[in-house]
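The following exercises are to be worked with the sequence and the coordinates at hand. Each task is followed by a solution in steps.

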Amino acid sequence: MQGEPLQHQAPAMSLLTPVLVAVVCILIVWIYKAADGRLERKKEEAPTPPWVDEDLGDTTAPHNVEEDADEWPEEEEESVELIPYRHTRYPEEEMATRSREFYELLRQRRSVRCISEEQVPMEVIENAIKAAVGTAPSGAHTEPWTFVVVKDRVVKHKVREIIEEEEKINYMKRMGRRWVTDVKKLRTNWVKEYLDTAPVLILIFKQVHGFAANGRRKVHYYNEISVSIACGMLLSALQNAGLVTVTTTPLNCGPRLRVLLGRPTNEKLLVLLPVGYPSQEAMVPNLRRKALDQIMVTV
């Protein structure tokens, strides 16, 4: 008689086991989905680092370029004529003097945000750009750059409106507290008055690819590095001419500025330089540079 209850309990237990398994499975799935949802929310809420921009980044290193037979034209290699290299060699004393003078010239270069409305000779701007892009090296000599010079007051103001709108979002949301804190000492924010006052804006676009004679894409190797080198040379040329600028990288503004200036989609904005004379009230931070032994290593 005592065994009867056990016999009656056995069917009940056999029915209960699949139910428990089902409940456990549902709980596992729910926990997994909840955790996955929290992770996705964290990703969405995480501020975008200031260096992340779809217009920035170079994926044209040789190991990243896949030459598809349907994509790349099959052309014979262009023959480039070789000519004698003419070199001017200076006595060592003169070399040292020239190097010191050039250093002293560039040592005076500062990022100036207070720029006068006084007009500058266009010949000077043209010569500075020729000194940069007309002489800078580039990957496979593709010259992957476009320098857009903006002088029109209306267009300059539209550039300012686009940049300030995006920069306010950058400072408030995208860049994060650390970035905002780090640049606070430089007394900079999303208000860019110099985009209106500077007589010239130079917007430098990198061409992520070019076009062959038959209209197909032509790879531009190391396009960002090449354009960056040209930008450095342009800064030196502007300093040499007695003009000032501030190097700006308008985060998340590239697509809208590209449309405003009528540039094709293969061009991505890399740097914007407002160029002119410093205003009389121009002030700059009293910064200190690293000593030579902190930036140079001789092996």
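The model used here is predicted.

**Exercise 1. Classify Leu 27 as buried, partly exposed or exposed, and describe its surroundings on the surface.**

Step 1. The relative accessible area of Leu 27 is 47%. Buried requires under 20% and exposed over 50%, so Leu 27 is partly exposed.

Step 2. Leu 27 is located in helix H1, which covers residues 4–45.

Step 3. Together with Trp 30 and Ile 31, Leu 27 makes up a nonpolar surface patch whose accessible area is about 360 Å².

**Exercise 2. Describe the overall architecture of the chain: how many helices and strands are there, and in what pattern do they follow one another?**

Step 1. Nine helices and five strands are present.

Step 2. Along the sequence, their pattern is α-α-α-β-α-α-α-β-β-β-α-α-β-α.

Step 3. Among contacts with a separation of 6 or more, 83% join residues 24 or more positions apart.

Step 4. Of the 299 residues, 32% count as buried. The accessible surface of the chain is about 21300 Å², and carbon and sulfur atoms account for 55% of that surface.

**Exercise 3. Identify the elements that build the largest nonpolar core, and state which contributes the largest share.**

Step 1. The largest nonpolar core comprises 24 residues. Those with the most contacts inside this core are Ile 125, Phe 147, Ile 202, Ile 204, Leu 234, Leu 273 and Val 275.

Step 2. Two or more residues each come from helix H3 (122–133), strand E1 (145–150), strand E2 (200–207), helix H7 (223–240) and strand E5 (267–275).

Step 3. H7 supplies the largest share, seven residues.

Step 4. Neighbours within four places in sequence aside, Leu 234 touches Ala 128, Ile 129, Ala 132, Phe 147, Ile 202, Ile 204 and Leu 273.

Step 5. Another core, of 20 residues, lies apart from the largest one; Val 159, Leu 195, Phe 205 and Leu 269 are among its members.

**Exercise 4. Compare the end-to-end distance of H7 with its expected span, and state what covers its buried residues.**

Step 1. H7 has 18 residues, and at 1.5 Å a residue the expected span is 26 Å, because the rise is multiplied by one less than the number of residues.

Step 2. The end C-alpha atoms of H7 are 26 Å apart, in agreement with the expectation.

Step 3. The buried residues of H7 include Asn 223, Glu 224, Val 227, Cys 231, Leu 234 and Leu 238. Their cover includes helix H2 (92–107), H3, E1, E2 and E5.

Step 4. Just after H7, Gly 242 adopts a positive phi of about 85°.

**Exercise 5. Examine the loop between H7 and H8 at Pro 250 and Asn 252, and then the loop between H3 and E1 at His 141.**

Step 1. Pro 250 belongs to the loop between H7 and helix H8 (254–260). Its relative accessible area is 8%, so Pro 250 is buried.

Step 2. Pro 250 and Glu 166 are separated by 84 residues in sequence, while their C-alpha atoms are 8.2 Å apart.

Step 3. Asn 252 is also in the loop between H7 and H8. Its relative accessible area of 25% makes Asn 252 partly exposed.

Step 4. Most residues other than glycine have a negative phi. Asn 252, however, has a positive phi near 65°.

Step 5. His 141, in the loop between H3 and E1, has a positive phi of about 50° without being a glycine. With a relative accessible area of 59%, His 141 is exposed.

How values were computed: Residues numbered from 1 in each chain as written. Predicted model: local features only at pLDDT ≥ 70, side-chain atom pairs only at ≥ 80, totals over all residues. Heavy atoms only, no water. Helix = DSSP H or I, 4+ residues; strand = E, 2+ residues; numbered from the N terminus. Buried < 20%, exposed > 50% of the residue type's maximum accessible area, 1.4 Å probe, protein only. Contact = heavy atoms within 4.5 Å. Areas by Shrake-Rupley, 256 points an atom, 1.4 Å probe, with all protein chains shown as cover. Core = buried A, V, L, I, M, F, W, Y, C linked by side-chain atoms within 4.5 Å. Patch = residues over 30% accessible without salt bridge, like charges linked within 9 Å, V, L, I, M, F, W, Y side chains within 5 Å. Salt bridge = Lys/Arg side-chain N within 4 Å of Asp/Glu carboxyl O.
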